[in-house]
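Student: I have not met this structure before, and I would like to go through it slowly. Could you take my questions one at a time?

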Amino acid sequence: MGNELNATKYKITKKLGKGGFATTYLLEKENKKYALKKYSDITQEEVIELKKIFEVISKLNSPNIIKYYESFNEGNSVYIIMEYGGDYDLKKFIQHYGDRSELIEEKIIYDIIIQICLGLKELHKNNIIHRNLTPNNIILDENNKIKIAGFSVIKVLNPNVNYLKDMVGTPHYMAPEISKGEKYNQKVDIYSLGCILYELLTLNEYYVDSVIDEKPITIPEVYNSKWQEIIDSLLNKDYNARPNIEECINGIQLIQDEIK
């Protein structure tokens with residue numbers, strides 16, 4: 001993590017929002033926009049953890065992941081400057097279709113979900129669990145090019161530790177093993193991917209009120225039936241039975257030639 005940041009290079013134009021310990025601001029430099037995330041009132045241990053996380057995610061190389069540029073810390077505050085992807089996310093995109101009661105074109109769904117998979121592939125390749133993959137944390141531009149954002153609760157797995165157990169995430173996209181307080185791994189992101197795919201196909205959130213309750217997973221008949229098979233595998237309650245990200249990509253790519 002960089003020790004200093006020449007703040008005079010940037011101009012803060014407005015506050016974008018606040019969530020948890022972080023406040024996000026819009027910056028400008030030489031007519032280009034950036035986002036500044038400020039983490040305040042955190043412990044020294046959390047400062048150290050953020051430094052470790054930044055060092056990993058700043059080296060990620062994927063067009064489908066928000067790029068992290070530079071950072072510095074002052075006392076118990078950490079400042080991170082990153083790419084600004086805009087204020088239009090996948091949740092707004094889905095709501096737009098829902099408001100019109102119009103299903104999303106299958107080709108568009110394919111393009112979006114395969115981009116999310118490619119972003120996840122880069123994360124998982126680097127032993128990162130996102131842990132909060134939701135439509136709100138996926139940014140879209142006017143050409144439906146996506147970037148995964150929302151890295152506030154990501155975790156970099158230690159080579160000697162293959163599982164986590166702390167409960168984090170957004171309930172409607174949280175894998176059953178997290179909800180039940182059980183150990184989990186990168187397959188929680190696969191479950192969240194299934195929730196997002198379900199929402200793209202149905203315009204409704206997939207949410208089970210209880211980890212015991214069963215909820216039918218059905219998609220509109222206008223779509224290729226292979227989507228149903230993929231949804232069923234991604235939302236499997238047994239994380240061992242879920243595909244890994246490579247298997248997800250391979251399965252989804254099989255649909256490409258069948259999309260009209």
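**Helix contacts and a loop residue**

Tutor: Let us begin with one pair of helices in this predicted model: Leu90, Lys91 and Ile94 of H2 meet Ile196, Glu199 and Leu200 of H5.

Student: How many residues in the contact of H2 with H5 are nonpolar, and how many are charged?

Tutor: The H2 side of the contact is made up of Leu90, Lys91 and Ile94, and the H5 side of Ile196, Glu199 and Leu200. Sorted by class, there are no polar residues in the contact of H2 with H5, and the rest divide into 2 charged and 4 nonpolar.

Student: Are H2 and H5 roughly parallel or roughly antiparallel to each other?

Tutor: The axes of H2 and H5 come within 9 Å and cross at roughly 25°. Angles under 35 degrees count as roughly parallel, and H2 and H5 are therefore roughly parallel.

Student: How are H2 and H3 oriented to each other, roughly parallel or roughly antiparallel?

Tutor: Helix H2 covers residues 90–99 and helix H3 covers residues 106–125, and the two pack with their axes 14 Å apart at an angle of about 165°. Since an angle over 145 degrees counts as roughly antiparallel, H2 and H3 are therefore roughly antiparallel.

Student: Which residues make the contact of H2 with H3, and how many of them are nonpolar?

Tutor: On H2 the contact is made by Leu90, Phe93 and Tyr97, while H3 contributes Ile108, Ile112 and Ile116. No polar and no charged residues are found in this contact, and the number that are nonpolar is 6.

Student: Is the crossing of H2 and H3 left-handed or right-handed?

Tutor: The angle between H2 and H3 is about 165°, but handedness is a separate description. For this pair, the crossing is left-handed.

Student: What class makes up most of the contact of H3 with H5, nonpolar or charged?

Tutor: H3 and H5 pack with their axes 11 Å apart at an angle of about 170°, and they are therefore roughly antiparallel. The residues that meet include Ile109, Cys117 and His124 in H3 and Asp189, Leu193 and Leu201 in H5. By class, this contact has 1 polar residue, 1 charged residue and 12 that are nonpolar.

Student: Which backbone oxygen does the side chain of Gln186 reach?

Tutor: Gln186 lies in the loop between helix H4 (176–179) and helix H5 (187–202). Not counting residues up to four places away in sequence, Gln186 touches several residues, among them Leu123, Asn127 and Leu157. At 3.2 Å, its side chain reaches the backbone oxygen of His124.

Student: How many helices and strands does the protein have?

Tutor: Along its principal axes the C-alpha trace spans about 55 × 40 × 30 Å. The secondary structure within it comes to 9 strands and 7 helices.

How values were computed
Residues numbered from 1 in each chain as written. Predicted model: local features only at pLDDT ≥ 70, side-chain atom pairs only at ≥ 80, totals over all residues. Heavy atoms only, no water. Axes fitted to C-alpha atoms, helices over the stretch in contact; angles between N-to-C directions. Helix = DSSP H or I, 4+ residues; strand = E, 2+ residues; numbered from the N terminus. Parallel < 35°, antiparallel > 145°, perpendicular 65-115°, else oblique. Left-handed = near helix turned anticlockwise from the far one by under 90°. Contact = heavy atoms within 4.5 Å. Nonpolar A, V, L, I, M, F, W, Y, C, P; charged D, E, K, R; others polar. Polar contact = N/O pair within 3.5 Å; in protein donor to acceptor, adjacent residues only side chain to side chain.
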